[in-house]
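Q: Please take a close look at the pocket in this model. Walk me through its lining, then through whatever else helps me to place it in the fold.

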Amino acid sequence: MKNLNVIIVDDATFICEHVTKIVSEAFPSFTVKAAYNGKEAQTLMLAETFDIVLCDWEMPQMSGLELLQWTRAQAQYK
């Protein structure tokens with residue numbers, strides 16, 4: 001399987017760390033990063049391109065929907 005870059009976005013620290021661990025163990029060749037809110041995810045997503053985004057829907061600062069809308073507007077994610 002192709003090496004993929006994955007980002008996990010969740011404001012609940014325990015959930016974010018748990019899902020990151022599960023994905024990392026299930027797919028050891030994947031690069032998995034965590035962001036604890038939508039703004040942090042934006043920063044990471046501007047620095048590198050991710051193939052998969054697993055994102056919480058309800059978060060402070062920027063909701064999952066707002067992050068999705070922002071992502072779809074970025075040239076690297078079209």
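A: Let's begin with a term that will come up often: buried means under 20% relative accessible area, exposed over 50%, and partly exposed in between, with a 1.4 Å probe and protein chains only. Cys 16 shows how this works: it counts as buried because its relative accessibility is 0%.

Before we go on, a word on the model. It is a predicted one, in which local features need pLDDT of at least 70 and side-chain atom pairs count only at pLDDT 80 or more, while totals for chains, interfaces and linings use all residues. Residues are numbered from 1 along each chain as its sequence is written, and side-chain values use heavy atoms, with hydrogens and water left out.

Now to the part you asked about. The largest pocket has a volume of about 180 Å³. Here a pocket is an open set of points on a 1 Å grid over the protein atoms alone, where a 1.4 Å probe fits, with protein on both sides within 12 Å along at least five of seven lines; lining residues have an atom within 4 Å of a point. The volume is the space filled by probe spheres set on the points, which are joined across faces, edges and corners.

Who lines it? The lining is made up of Phe 50, Asp 51, Ile 52, Val 53, Cys 55, Asp 56, Trp 57, Gly 64, Leu 67, Leu 68, Thr 71 and Tyr 77. Two elements each give two or more residues to it, namely strand E3 (52–55) and helix H3 (64–73). Helices (H or I, at least four residues) and strands (E, at least two) are DSSP runs numbered from the N terminus. H3 is the biggest contributor to the lining, giving 4 residues. Sorted by class, the lining holds 8 nonpolar, 2 polar and 2 charged residues; Ala, Val, Leu, Ile, Met, Phe, Trp, Tyr, Cys and Pro count as nonpolar, Asp, Glu, Lys and Arg as charged, and the others, Gly among them, as polar.

Let's stay with the two lining elements for a moment. The loop between E3 and H3 holds Gln 61, whose phi is near 75°, a positive value in a residue other than glycine. Gln 61 counts as exposed because its relative accessibility is 58%. In the segment after H3 we find Gln 74, which is buried at a relative accessible area of 18%. The C-alpha atom of Gln 74 is 9.6 Å from that of Met 45, although 29 residues separate the two along the chain.

On the other side of E3 in sequence, Glu 48 sits in the loop between helix H2 (38–47) and E3. Glu 48 forms a salt bridge with Lys 33, with 2.7 Å between the closest N and O atoms; the term requires a side-chain nitrogen of Lys or Arg within 4 Å of a carboxyl oxygen of Asp or Glu. This pair links distant parts of the chain, 15 residues apart, since Lys 33 belongs to strand E2 (residues 31–35). Both partners are partly exposed, with Lys 33 at 30% relative accessibility and Glu 48 at 23%.

The count of salt bridges comes to 2. The other one joins Lys 21 to Glu 25 at 4.0 Å, N to O. Here both residues lie in helix H1 (residues 13–26), 4 residues apart, or about one turn of the helix. Glu 25 counts as exposed because its relative accessibility is 56%. H1 is also home to the buried Cys 16 we met at the start. The C-alpha atoms of Cys 16 and Leu 65 are 17 Å apart, with their positions 49 residues apart along the chain.

E2 leads us on to its neighbour. Strands E1 and E2 pair in the parallel sense over 5 bridges, where pairing needs at least two DSSP bridges. Val 6 has Val 32 in E2 as its bridge partner. Strand E1 (residues 5–9) is mostly covered, with 4 of its 5 residues buried. Val 9, in E1, counts as buried because its relative accessibility is 1%. The C-alpha atoms of Val 9 and Ala 35 are separated by 4.8 Å, though the two are 26 residues apart along the chain.
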